[in-house]
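Here is a set of questions and answers on one protein chain. Keep the coordinates open as you read.

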Amino acid sequence: MGIELEGPILGMFPGQGSQRPGMATALCADHHEAAAVFATADAVLGQPISQLCSTGSEEELQRTDITQPAVVATSLAIWDVLRARGFEPAAVAGHSLGEFAALAAAGVLTYEQALLLVARRGELMAQVGESVPGAMLAIIGLSAERVEELCEQAPGAEVANYNEPEQTVISGTATAIAEVETAALAAGAEKCVRLKVGAPFHCSLMDAIAADFGAELDRQPFADPRMTVISSVTAAPLRSGAEARILLRRQLSGSVQWVGTVRAALNGGSTTLVEIGPGRALTGFAKRIAPEAQTLGTGNPKNLAAVLAALENARAIAS
């Protein structure tokens, strides 16, 4: 028996780290809407994003300047496939980089704007990674409050992502992150996992690129959202396109409030959470933040087909 899409839906767009080799191969072969999005990405960015997302190696896709447009293009490709089958979420949200895809889905940015912005964002973040010996670490099995206390005791370490109640990511200088890792394990953390990233995201080290990226944001027009967008910077709905521009700049060095974002969607009435993009990280986070909600992914052909079948069934019942 297939799945059913129950109640109001939150569409969740993943961030960096969700990429995987071959993530566009079946997507483009099976869905012309996806192929069209990748064709747009290739033309706008002047590089073969479609090829990289189909045949690129893991090493190529881990480059920050490649990862960011690749993940956003893949997420928007899946979004167009879903929308063509009548998918209408009550709200959307994006985890870090995924916020650009969410804003494009809500009409705040065009696809072209979103792709250009994340390509530049990736280039600037890569520059920080080359100049600063930073690191990111996921701490599992401690409360966020305890992780905050450990960071306060290690200058240079900051909370980057509140991913789930007992998974918090920290970011900062390599020496400070190593200090917190030792302290977290001593404090009873289940485990600590170094993230394979090209730069220390979501910490004050990113302030070095705030002016340059802010200038890029200022060059782009931002429309007001056509649907509810819950910001992962504030864990609250956006009020305007102007606010979205401000928050995208704050996002560079600010923490990702993902636990609060998902809970805000639930408080707003959402009962089904659908991850729209490659990977399954947000699906995993959501199951631990909101075990009472229905949680679905679209990051592989089987899961996407199940969601599409549910949409077709819902349309058939409605007609």
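The questions below go through the strands, the helix packing and some single residues of this predicted model.

Q: Which residues of strand β9 are buried on its two faces?
A: Strand β9 covers residues 272–275. Both of its faces are covered. Buried means under 20% relative accessible area. The residues that meet this are T272 and V274 on one side, and L273 and E275 on the other.

Q: Which residue of β10 is the bridge partner of L273?
A: Strand β10 spans residues 294–296. It runs parallel to β9, and three bridges join them. In β10, L273 is partnered by T295.

Q: Which residue stands opposite L273 on the β1 side?
A: Strand β1 takes in residues 9–13. Four bridges join β1 to β9, and the two run parallel. Opposite L273 stands L10.

Q: What is the handedness of the unit that β9 and β10 form with a helix?
A: The helix in this unit is α13, residues 281–289. Together, β9, α13 and β10 make a β-α-β unit. Its hand is right-handed.

Q: Which strands stand at the edges of the open four-stranded sheet?
A: The strand order is β4-β5-β3-β6, and the pairing is antiparallel. From one strand to the next, the twist averages 25 degrees. An edge strand has a single partner, so one of its sides is left without a neighbour in the sheet. That describes β4 (157–164) and β6 (191–194).

Q: Which residue of β6 is the bridge partner of I139?
A: Strand β3 (residues 134–140) pairs with β6 over four bridges. The sense is antiparallel. The partner of I139 in β6 is C192.

Q: At about what angle does α13 run to β4?
A: Two helices can be set against this strand. Helix α8 (residues 144–152) lies across β3, β4 and β5 (167–173), and runs at about 170 degrees to β4. Helix α13 lies across β4 and β5. Its angle to β4 is about 75 degrees.

Q: Are α5 and α7 roughly parallel or roughly antiparallel?
A: Helix α5 holds residues 64–84 and helix α7 residues 111–131. Their axes are 7 Å apart and meet at an angle of about 155 degrees. Angles over 145 count as roughly antiparallel. So α5 and α7 are roughly antiparallel.

Q: What is the hand of the crossing of α5 and α7, and which residues make the contact?
A: The crossing is right-handed. From α7 the contact takes Y111, L115, V118, A119, R121, G122, E123, M125 and A126. From α5 it takes T64, D65, Q68, P69, V72, A73, L76, W79 and D80.

Q: Are α10 and α11 roughly parallel or roughly antiparallel?
A: Helix α10 (residues 210–218) packs on helix α11 (residues 241–251). The angle is about 160 degrees, and the axes lie 10 Å apart. The contact involves A210, A211, F213, G214, L217 and D218 of α10, with R245, L248 and R249 of α11. The angle makes the pair roughly antiparallel.

Q: Which residues does T74 contact, leaving aside neighbours within four places in sequence?
A: T74 is found in helix α5. Its relative accessibility is 1%, so T74 counts as buried. Its contacts are M23, L27, F38, C53 and P278.

Q: How many residues of helix α6 are buried?
A: Helix α6 covers residues 98–105. Its buried residues are G98, E99, F100, A101, A102, L103, A104 and A105. The helix is therefore largely enclosed by the rest of the structure. The count is eight of the eight.

Q: Is S96 buried or exposed?
A: S96 is found in the loop between β2 (91–94) and α6. It is not a glycine, yet its phi is positive, about 55 degrees. At 10% relative accessibility, S96 counts as buried.

Q: What is the phi of A235 near?
A: A235 has its place in the loop between β7 (228–231) and β8 (236–237). It is a residue other than glycine, but its phi is positive. The value is near 60 degrees.

Q: What distance separates the C-alpha atoms of S143 and L238?
A: S143 has its place in the loop between β3 and α8. It counts as partly exposed, at 29% relative accessibility. L238 is 95 residues apart from S143 along the chain. Their C-alpha atoms are separated by 28 Å.

Technical notes. Residues numbered from 1 in each chain as written. Predicted model: local features only at pLDDT ≥ 70, side-chain atom pairs only at ≥ 80, totals over all residues. Heavy atoms only, no water. Buried < 20%, exposed > 50% of the residue type's maximum accessible area, 1.4 Å probe, protein only. Pairing = 2+ DSSP bridges. Right-handed = clockwise from strand over helix to strand, strands pointing away. Axes fitted to C-alpha atoms, helices over the stretch in contact; angles between N-to-C directions. Parallel < 35°, antiparallel > 145°, perpendicular 65-115°, else oblique. Contact = heavy atoms within 4.5 Å. Left-handed = near helix turned anticlockwise from the far one by under 90°.
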